[in-house]
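Trainee: I would like to learn how to read helix packing and a few other features in a model. Can we take them one at a time?

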Amino acid sequence: MSTSPALNQDPTPAPPTGLSSTTSLEPGMALALSGGGYRAMLFHLGSLWRLNEAGLLKDLACVSSVSGGSITAAALATRWGELDFKAGASAQLVSAVIEPVRKLARHTIDIGSIASGLLNPFSSIADSLAAAYRKHLLGERTLQDLPDHPRFVINASNVQTGALWRFSKAYMGDYRVGRVELPNLELAVAVGASSAFPPFLSPVHLRLPEGAVRSDLGADLHRPPFTTNVFLSDGGVYDNLGLEPVFKHYQTVLVSDAGAQLSPEQKPARDWMRHSRRVIDLVDHQVRSMRKRVLVEAYRNGSRQGAYWDIRTNINDYQLSDALECPWEVTKRLAEVPTRLAAVADDLQERLINWGYAVCDAALRKHVCPGIPRPAGLPYPRGV
């Protein structure tokens with residue numbers, strides 16, 4: 001198959017190669033968690049819940065995430081060693097991962113971070129955002145506290161190079177600059193960079209010591225200031241599905257997508273701020289659509305296995321006779337929850353988690369493992 005050049009970029013020692021064959025792909029299963037603020041963060045909790053019940057969460061080889069998905073991924077990574085992966089057992093997942101993330105979702109952190117960053121001359125907006133993640137969810141854990149397996153990759157966009165900057169336990173960097181091996185960066189800073197929505201929460205400035213970044217083959221920008229002063233924005237600017245790191249390397253790819261729907265505007269705003277926001281949304285929509293097309297074509301031609309599920313999906317499109325009850329008129333309103341890091345009421349939290357659970361279940365039973373039993377019901381009794 002032919003692919004976009006954007007899917008061929010990778011900061012590994014080998015030069016970028018095409019994806020026309022599957023001979024170099026790893027046989028493991030990987031999961032990508034999209035951006036979308038707290039909406040995505042909560043929707044993905046439902047996906048993790050269903051994956052765990054189905055016995056698939058423990059089999060993941062890699063979890064790649066951007067933006068709101070990175071909040072969920074980081075919470076999962078930090079508690080991975082505490083989880084019970086017996087099929088159907090989710091009590092520990094709920095107490096260790098889901099409840100702490102729900103607690104974060106009761107706090108508005110985007111407006112506070114902006115205000116703090118503007119008013120405090122000694123702290124940037126990005127510093128304030130990282131402080132909120134540190135306080136409410138991640139503590140002082142670093143990238144070295146991530147598990148060895150599965151591999152967690154938290155993605156941001158390098159504003160200077162136009163490449164995907166990846167944070168992981170093994171390294172952080174991009175293919176044009178090089179990599180910092182075994183980085184000790186705070187996880188809250190990495191998640192803050194991944195979720196630094198432009199223009200208000202972006203950019204995040206990483207100051208690196210000279211010599212910290214090792215050059216890789218093809219690193220054409222391995223020199224200061226690219227290697228000493230790194231400016232990052234939301235990972236969704238480059239890849240709102242978090243797809244690139246897993247699509248290149250794994251035979252089976254699962255994608256949970258809670259990106260926003262682009263709505264038509266009959267009379268678009270003309271002021272620079274709202275017009276810029278609209279243009280950013282257009283770019284995001286096109287990037288996500290392009291990557292989704294590449295992914296779906298790979299499923300169709302057999303070069304990849306797996307499933308894609310979308311917060312904007314009508315569950316009836318899966319054509320399952322026993323899909324969980326999720327009326328289209330209701331779920332499409334959940335997809336319209338604003339892309340914010342703003343407090344979400346408990347009832348809406350539960351509905352978003354239920355919807356992520358239900359549509360993940362439909363995708364898994366339709367495309368990945370048709371033999372798994374239908375769940376008895378949704379995680380929370382209020383439905384969607």
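Mentor: We can, and note that this is a predicted model. Two packed helices are described by the angle between their axes and by the distance between those axes. Here helix 2 packs with helix 3 (residues 91-104) at an angle of about 145°, and the two axes are 9 Å apart.

Trainee: Is the crossing of helix 2 and helix 3 left-handed or right-handed?

Mentor: Helix 2 crosses helix 3 in a right-handed way. On the side of helix 2, the contact uses Ile 71, Ala 75 and Leu 76, and helix 3 brings Leu 93, Val 97, Val 101 and Leu 104. By class these are seven nonpolar residues, with no polar and no charged ones.

Trainee: At what angle does helix 1 pack with helix 2?

Mentor: The angle between helix 1 (residues 37-53) and helix 2 (residues 68-78) is about 45°, and their axes lie 7 Å apart. Helix 1 is therefore oblique to helix 2. This crossing is right-handed.

Trainee: Which residues of helix 1 and helix 2 meet?

Mentor: Helix 1 offers Gly 37, Tyr 38, Met 41, His 44, Leu 45 and Leu 48, which meet Gly 68, Gly 69, Ile 71, Thr 72 and Leu 76 of helix 2. The contact of helix 1 with helix 2 has six nonpolar and five polar residues, and no charged ones.

Trainee: Now the backbone. Where does Ser 67 lie?

Mentor: Ser 67 is in the loop between strand 2 (60-66) and helix 2. Its phi is positive, about 55°, although Ser 67 is not a glycine.

Trainee: Which peptide bonds should I look at for the cis form?

Mentor: Look at the bond from His 149 to Pro 150, which is cis with omega near 0°. Pro 150 sits in the loop between helix 5 (125-138) and strand 3 (151-158). Another cis bond joins Ser 202 and Pro 203, with omega about 0°. The loop holding Pro 203 runs between helix 6 (187-194) and strand 7 (204-207).

Trainee: How much space lies in the second largest pocket?

Mentor: The second largest pocket holds about 510 Å³ of space. It is lined by 15 residues, and Val 296, Tyr 299, Tyr 308, Tyr 318 and His 367 are the closest to its centre. Helix 9 (272-301) and strand 10 (305-310) are the elements that give two or more residues to this lining. Strand 10 supplies the largest share, five residues.

Trainee: How many lining residues of the second largest pocket fall in each class?

Mentor: The lining has five nonpolar, four polar and six charged residues.

Terms used. Residues numbered from 1 in each chain as written. Predicted model: local features only at pLDDT ≥ 70, side-chain atom pairs only at ≥ 80, totals over all residues. Heavy atoms only, no water. 1 Å grid on protein atoms, 1.4 Å probe; cavity = no way out; pocket = protein on both sides within 12 Å on 5 of 7 lines; lining within 4 Å. Points joined across faces, edges and corners; volume = space filled by probe spheres on them. Helix = DSSP H or I, 4+ residues; strand = E, 2+ residues; numbered from the N terminus. Nonpolar A, V, L, I, M, F, W, Y, C, P; charged D, E, K, R; others polar. Axes fitted to C-alpha atoms, helices over the stretch in contact; angles between N-to-C directions. Parallel < 35°, antiparallel > 145°, perpendicular 65-115°, else oblique. Left-handed = near helix turned anticlockwise from the far one by under 90°. Contact = heavy atoms within 4.5 Å.
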